[in-house]
Amino acid sequence: MPGAVLHMQRCLASVERGFLTLKESIGDPVVEMRDITVKFPGVIANDNVSVDVYSGEILALLGENGAGKTTLMNVLYGLYRPDAGRIRIHGEQVQINTPNDAIRLGIGMVHQHFMLIPPFTVAENIVLGVEPVNAAGKLDMDKAIRDVEELSNQYGLVVDPRANIDDISVGMQQRVEILKALYRGAEVLILDEPTAVLTPQEVDELAAIMRSLVHQGKSIIFITHKLREVIAISDRVAVLRRGKCVGTGETKNTTAEELAQMMVGREVVLSLEKEPAKPGDTVLRVENLHARSGRNLPALRGVFFDVKAGEIVGIAGIEGNGQSELVETLTGLRKSTSGHIYVNGIDVAHNQPRALIEQGVAHIPEDRQNRGLILDFTVAENFILRNYYKSPFARGINLDYRKVQAHARDLISEFDVRTPHENIPVRSLSGGNQQKVVVARELSSEPKLLIASQPTRGLDVGAIEFVHKRLLAQRDQGKAILLVSLELDEIMSLSDRILVIYEGQIVGEMAASEATEGELGLLMAGGHGKRGLDTERSERSGQYGQQIQEPLRTHVKPIS
Amino acid sequence: METNLADVTIYIALVVSTLRMATPLILAGLGGVFSERSGVVNIALEGIMLIAAFMGMLISHFTRAPWLGVLAAVASGAAIAALHAVVCIKYKSNQVVSGTAINLFSVGFTGFMLRKVFEHAGQSPPVPKVADWTIPLIEKIPVIGAMIGKHTPFVYLSLIAVIISNFVLFKTKLGLRIRAVGEHPKAAETVGVDVFAIRYLCVLLSGALAGLAGASLSLGFLSQFRENMTGGRGFIALAAMIFGKWTPYGTLRACLLFGFADALQILSQTLGLTFIPTDFLLMAPYILTMAALAGIIGRSVPPAASGIPYERQK
């Protein structure tokens with residue numbers, strides 16, 4: 001990759017020399033990780049990785065899933081002990097054996113899956129482990145609340161210290177996590193995939209918070225696999241691939257394409273090539289669909305839309321606006337309270353999942369491990385979950401395992417599932433290969449309608465590319481595809497038509513070719529549509545929302 | 001039989017019986033609260049109580065010092081709990097299986113020891129029991145004095161234990177950490193809380209409290225050990241803990257209610273309640289517990305990590 005080497009300094013071979021020029025410009029590094037090696041049974045998660053962080057900068061740690069980014073940061077935070085390597089903080093060699101050691105050295109970590117205790121209050125979560133006590137040894141919650149308020153004012157991170165974690169938004173929970181680290185005097189903040197759970201507007205806010213933190217002298221290490229965020233947010237970037245550091249340098253000297261290539265190790269096409277859709281007959285029509293959530297609250301409140309053969313309809317929305325309930329209702333997993341679901345003209349609203357399968361509905365569920373697969377069953381068994389009861393697999397009350405295995409071998413080669421053979425538990429496959437098993441099973445049934453819910457969640461670039469290509473191929477074969485995703489990029493690049501769901505209603509529809517991220521983001525936050533603006537959310541969209549309101553009116557036709 | 005519900009002695013008898021029946025439940029129930037709040041299910045309470053009741057009696061028999069017996073009961077309770085803790089925390093095995101094993105072991109062990117030491121099956125000879133405490137002043141108040149003025153020390157100890165447990169769990173940093181470990185151990189560990197240390201501490205504490213509960217049976221209300229004398233009280237204590245939503249005061253209230261059901265059954269003749277089969281009164285606590293678990297009366301949600309062994313990565 002000559003292009004990459006031009007701009008980026010190789011960090012493997014000549015680490016010390018490579019950073020010399022940077023040291024002059026930014027000062028001494030706060031954190032120096034040298035030759036870190038971490039071995040897991042059968043894998044080298046980090047192989048001689050060296051990374052430095054300077055005071056007052058945002059360093060992006062970029063890499064695919066499984067590249068070793070989180071492992072490396074868990075070493076810095078004392079959760080893993082490296083098999084080899086040294087860490088220096090402010091030039092002094094240190095031993096970090098536990099999170100306590102890390103905290104003492106001024107390192108704080110915000111984990112990808114928040115480490116918050118749901119029934120506790122914000123203040124309780126922030127002080128846990130370093131609780132203020134009064135003279136009598138009693139927990140001093142008043143002081144805790146005052147401290148949290150003070151800290152939240154100092155850094156502009158607005159939280160309600162008395163609220164329960166259960167009751168606050170994901171964006172708010174993330175602020176609590178950041179405050180937790182700051183409360184412990186963190187100078188270096190590690191943010192593990194902080195944007196994965198946020199809306200575009202919340203991402204902008206987070207970026208502003210990160211800017212303000214480094215302005216006040218903090219350093220931030222920011223783990224991500226999203227190139228755009230690296231470019232937009234970071235000062236410097238270090239790229240990991242398969243446990244090795246393959247490059248590091250200043251963000252302004254590189255491009256998304258170059259970073260993608262370093263990350264994956266080959267040329268990647270960042271934009272999908274696709275022919276215009278040729279929509280045919282309506283396959284799925286949803287009319288005035290209502291359903292309740294698991295907590296018995298209204299989750300779908302009159303949903304109307306249709307999907308035609310040969311098109312991909314994407315449903316964009318912030319998590320928790322009824323997407324899961326919509327998918328569950330359409331696949332027979334949840335009972336609708338009223339409304340109609342027509343598949344090829346037949347009302348299937350009250351059908352059981354098996355009846356829907358027989359109607360030609362396939363489903364890639366959002367949670368492959370709990371819904372898509374039985375992890376302790378073999379790959380071969382997982383392939384027949386939809387149709388094990390039918391010929392050729394069923395023979396009376398027996399299963400014909402030879403047919404099952406032959407079927408599995410066909411699918412494994414057709415869908416390039418990386419597994420030693422078909423008789424190992426699907427649990428032992430990587431996430432990407434597990435998803436391939438689900439995709440293979442659902443697509444091999446020759447469905448008329450495919451409902452794909454977050455089909456690429458947690459997959460790396462290569463696997464995402466694979467799933468996307470397969471979905472497009474299905475579309476081109478004339479299948480109707482409903483795509484539900486929290487990844488706006490995915491919705492925008494795959495869909496032919498985009499619907500926006502907000503609080504259980506479709507609040508906007510547009511052709512994908514006309515959609516922009518700003519418009520969609522605003523609709524997703526409830527900024528436009530018949531319910532009007534709600535104050536808290538409109539404040540959060542702020543300036544950004546203002547700028548795009550004008551073109552929005554011309555583009556989007558709200559449905560009512 | 002002639003009954004007179006206006007006769008104050010009936011009410012005194014009811015209160016006294018309720019407290020007596022509730023005391024071992026309260027102590028064991030608090031043990032359950034500590035253990036489960038930290039994330040370890042301890043259904044071994046029953047067996048721990050039984051072994052502790054036996055050890056307490058044994059030491060009191062040989063030393064003639066009942067309080068030494070109490071100490072031995074508490075220590076043996078903690079020792080058996082330590083076994084449970086190592087199996088569940090260090091070796092991460094199934095907590096219910098470990099607890100069941102201890103319960104089955106305890107019946108055999110105490111029965112065998114009884115015959116070995118006293119060459120007598122069924123029950124031990126009488127041993128010195130701890131003397132009742134009288135509460136000055138209160139004892140002198142009419143009616144109230146008779147109800148709560150004079151009891152075996154275990155009654156008062158159990159009530160004091162409730163107050164202390166509630167303070168520890170909800171007003172101290174140790175309590176915050178215990179609850180954090182029981183809800184989300186990984187989150188607790190990332191802020192430097194030692195999950196294993198907290199769990200060991202809580203399981204040992206639950207054993208000590210169950211041990212005290214055992215001592216209350218053989219050295220408080222009776223002055224001897226009888227085979228299988230716990231009679232399922234360890235399980236009733238767990239039911240009370242669930243019914244009391246894993247809080248000390250809730251557990252206290254549940255234990256008093258269960259104790260009251262027992263007292264009604266004991267006094268049903270005197271109270272003229274013969275039209276209700278006593279079995280129904282005895283069943284009532286369990287029906288209430290199931291109703292609480294099913295969410296019919298105030299949903300009871302256990303600590304999220306209760307029963308799940310904690311595994312540190314790498």
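Helices here are DSSP runs of H or I with at least four residues, strands are E runs of at least two, and both are numbered from the N terminus. What you have above is a predicted model, in which local features need pLDDT of at least 70, side-chain atom pairs count only at pLDDT 80 or more, and totals for chains, interfaces and linings use all residues. Residues are numbered from 1 along each chain as its sequence is written, chains are lettered from A and ligands numbered from 1 in the order in which they are written, and side-chain values use heavy atoms, with hydrogens and water left out.

Let's start with chain A as a whole. It has 20 helices and 22 strands. Of its 560 residues, 54% are buried, where buried means under 20% relative accessible area, exposed means over 50%, and partly exposed is in between (1.4 Å probe, protein chains only). Take the contacts (heavy atoms within 4.5 Å) between residues at least 6 apart in sequence: 68% of them join residues at least 24 apart. Chain A exposes about 24,200 Å², with carbon and sulfur atoms supplying 49% of that area; the areas come from the Shrake-Rupley method with a 1.4 Å probe, and for residues only the protein chains shown count as cover.

Now zoom in on helix α6 of chain A, residues 141-155. Its 15 residues reach 21 Å from first C-alpha to last, close to the 21 Å expected at 1.5 Å a residue; that expected span is 1.5 Å times one less than the number of residues. Which residues of α6(A) are buried? They are A:A144, A:I145, A:D147, A:V148, A:L151, A:S152 and A:Y155. They sit on the same side of α6(A) because they cover an arc of only 160° around the axis, the arc being that of the directions from the helix axis to the C-beta atoms. These buried residues pack against α5 (122-127), α7 (170-183) and α8 (200-215) of chain A. Turn to the face pointing away from the buried side and you meet the exposed residues A:D142, A:E150 and A:N153. Just past the helix, A:G156 takes a positive phi of about 65°.

For a strand, try β10 of chain A, residues 244-250, where 5 of the 7 residues are buried. Strand β9 (residues 236-241) runs antiparallel to β10(A), and 6 bridges join the two; strands pair if DSSP finds at least two bridges between them. One of the partnerships puts A:V237 opposite A:G249 in β10(A). The hairpin has 2 residues between its strands, and A:R242 takes a positive phi near 45° there.

What about disulfides? A search of the whole structure finds 0 over all chains, counting a pair of cysteine sulfur atoms within 2.5 Å as one. Two cysteines of chain B show why. The sulfur of B:C88 is too far for a bond, because the closest cysteine sulfur, in B:C202, is 14 Å away. For B:C255 the closest is again in B:C202, at 18 Å, so that is too far as well. B:C88 is buried at 2% relative accessible area, and B:C255 is buried at 0%.

Last stop: B:L174, in helix α7 (residues 173-183) of chain B. At 33% relative accessible area it is partly exposed. Leaving out residues up to four places away in sequence, B:L174 touches B:V168, B:I198 and B:L201.
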